[in-house]
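I opened the model today to look up a few strands and one helix. My notes follow in the order I checked things.

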Amino acid sequence: MEVSKETTDRSEKLKEYEDNGKGSENSSDIQISNDSPSIESKTKVKKLSPTEEKQRAKVEKSQLYIQVAQKQWPIVYAAEYNISFLGLEKLHPFDAGKWGRIFDFLKESKMVREETIVKPLEATEDDLLVVHSRNYINSLKLTDIVEGINEWSMNVAGITEVPPVALLPNFVVQKRVLRPFRHQTGGSILAGKLAMDRGWAINIGGGFHHCSAERGGGFCAYADITLSIKFLFEKVEGVSKVMIVDLDAHQGNGHERDFMDDDRVYIMDVYNRGIYPHDGYAKRAIKRKVELNHFTDDVDYLDAVKNNLRASLEEFTPDIIVYNAGTDILEGEPLGNLSVTAQGIILRDEMVFAKARELNIPIFMLTSGGYTRGTARIIADSILNLRQQKLISCEEADSFMHTETDLSDVGMSHSQSEGSLLSRCKNACVSFITRSSTQEFDQVGRENGQSDKG
């Protein structure tokens, strides 16, 4: 396993933050508000509406909670996550292939292979209708621009922030753009179940926190966070309270709108106040709001996360944590405008997982925003660091990997041994033929000599 050389420094720095912290809970660059003085209210029991009854039935029929072998890490990924639509994806700064590169880095490190990660199913229309309205789903399909011609994809163009997408036939948009989003959404839903089964899970994708039941935006077409929580409430025993820890650089206005009046869901959101989406209405749903200024650095950022995560978990005891781990907080990110280093991101993830594991609260991570190509390497390094710090593990997967490696080595050794034997036989044969030919030639020479003398 390859982990970058800064790992020891990270661990020491994290211990520093945990022991005494630097700065105060209310840095001059950070505005914190707790809008929920009485969080642990009792869950109200109410009769389900006809719509809610239909949603429950759809959850029960869903096939997204697939069986997972013990040799598989609770790490969810499929090649179908990656987006490519005729090169137009390059018109948006989002790295539309980062998910595949994260997986490739983990494979190169010998942590995982194809057989030891979980490949999710694509979320079906019925799965999506557990949260989304039929009108919203239809809006992602066909839209009239010219009277009588409804082959265009206006809403998807707005969501992806790539205007030329509006001019692509919708069947192309469905296959090249929305299908990858649906695979990632299926991955987020499955990750929630895996976290309850295994204690933790990571979806190498998802985190579409700008999408709500009725509206997409900011490169988020499906409300995977809301869906994963709804599935947990309806289908997994023992889940009645959920905490969303949203540490993407942007406000998570999608899930906030969806859980506006739901006391079962506690939202902690740490974001740059000066950037998209500026959704004042959605902010009302945030139980612990931490607003950052432009260029907030590692020290202030990590203090804010540490102190507010601790305070949030003192106010509310969830059955599971949804961790939206956006890397667009990285210094130099064009849309996040913060100044957190790669090491700071890795420390942040370690801090969140360490707290959840300390309190024995299941947690699943979604990779969310992160726009430059360098973020894939950072996410992979962070996952490797979580493993090295023993915050995530899968003994069966490790055992399988070692067994396969040993068998491979034995096969290679056997092959080399056979090759060596064949080589020796070949050399012996050549030597024998050469000696025989020489002896025969000498014999003929002697006979010819005797003939001349006669």
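Entry 1, strand β4. I looked up where the side chains go. Val242, Ile244 and Asp246 point one way from β4, while Met243 and Val245 point the other way. I found all of them buried. I note that this is a predicted model. The alternation is what I expect, as side chains in a regular strand alternate between the two faces of the sheet. Why do I call β4 largely enclosed by the rest of the structure? I call it that because 5 of the 5 residues in 242–246 are buried, and buried here means under 20% relative accessible area.

Entry 2, neighbours of β4. I checked the pairing with β5 and found it parallel, over 5 bridges. Met243 of β4 stands opposite Tyr266 in β5. I then followed the chain from β4 to β5. It passes through helix α9, residues 253–258, and this β-α-β crossover is right-handed. Next I looked up strand β7, residues 320–324. β7 runs parallel to β4, and 5 bridges join the two. Here Ile244 has Val322 of β7 as its bridge partner.

Entry 3, strand β6. Which residues of β6 point the same way as Val290? I noted Arg288 and Leu292. Lys289 and Glu291 point the other way. All of these are buried, the Arg, Lys and Glu residues included. With 5 of the 5 residues in 288–292 buried, β6 is largely enclosed by the rest of the structure.

Entry 4, neighbours of β6. I looked up two partners. Strand β5, residues 265–272, pairs with β6 in the parallel sense over 5 bridges. Tyr271 of β5 has Glu291 as its bridge partner in β6. Strand β1, residues 30–34, runs antiparallel to β6, with 5 bridges joining them. In that pairing I found Ile32 bridged to Val290 of β6. I also put my pairings of β5 together: β5 pairs with β4 and with β6.

Entry 5, helix α8. I checked the span of residues 224–235. The 12 residues reach 16 Å from first C-alpha to last, close to the 16 Å expected at 1.5 Å a residue. Is the helix mostly covered or mostly open? I found it mostly covered, with 9 of its 12 residues buried. The buried set begins with a run: Asp224, Ile225, Thr226, Leu227, Ser228 and Ile229. I then added Phe231, Leu232 and Phe233, which are buried too.

Technical notes: Residues are numbered from 1 along each chain as its sequence is written. This is a predicted model: local features need pLDDT of at least 70, side-chain atom pairs count only at pLDDT 80 or more; totals for chains, interfaces and linings use all residues. Side-chain values use heavy atoms; hydrogens and water are left out. Buried means under 20% relative accessible area, exposed over 50%, partly exposed in between (1.4 Å probe, protein chains only). Two strands pair if DSSP finds at least two bridges between them. A crossover is right-handed if, with the strands pointing away from the viewer, the path from the first strand over the helix to the second runs clockwise. The expected span of a helix is 1.5 Å times one less than its number of residues.
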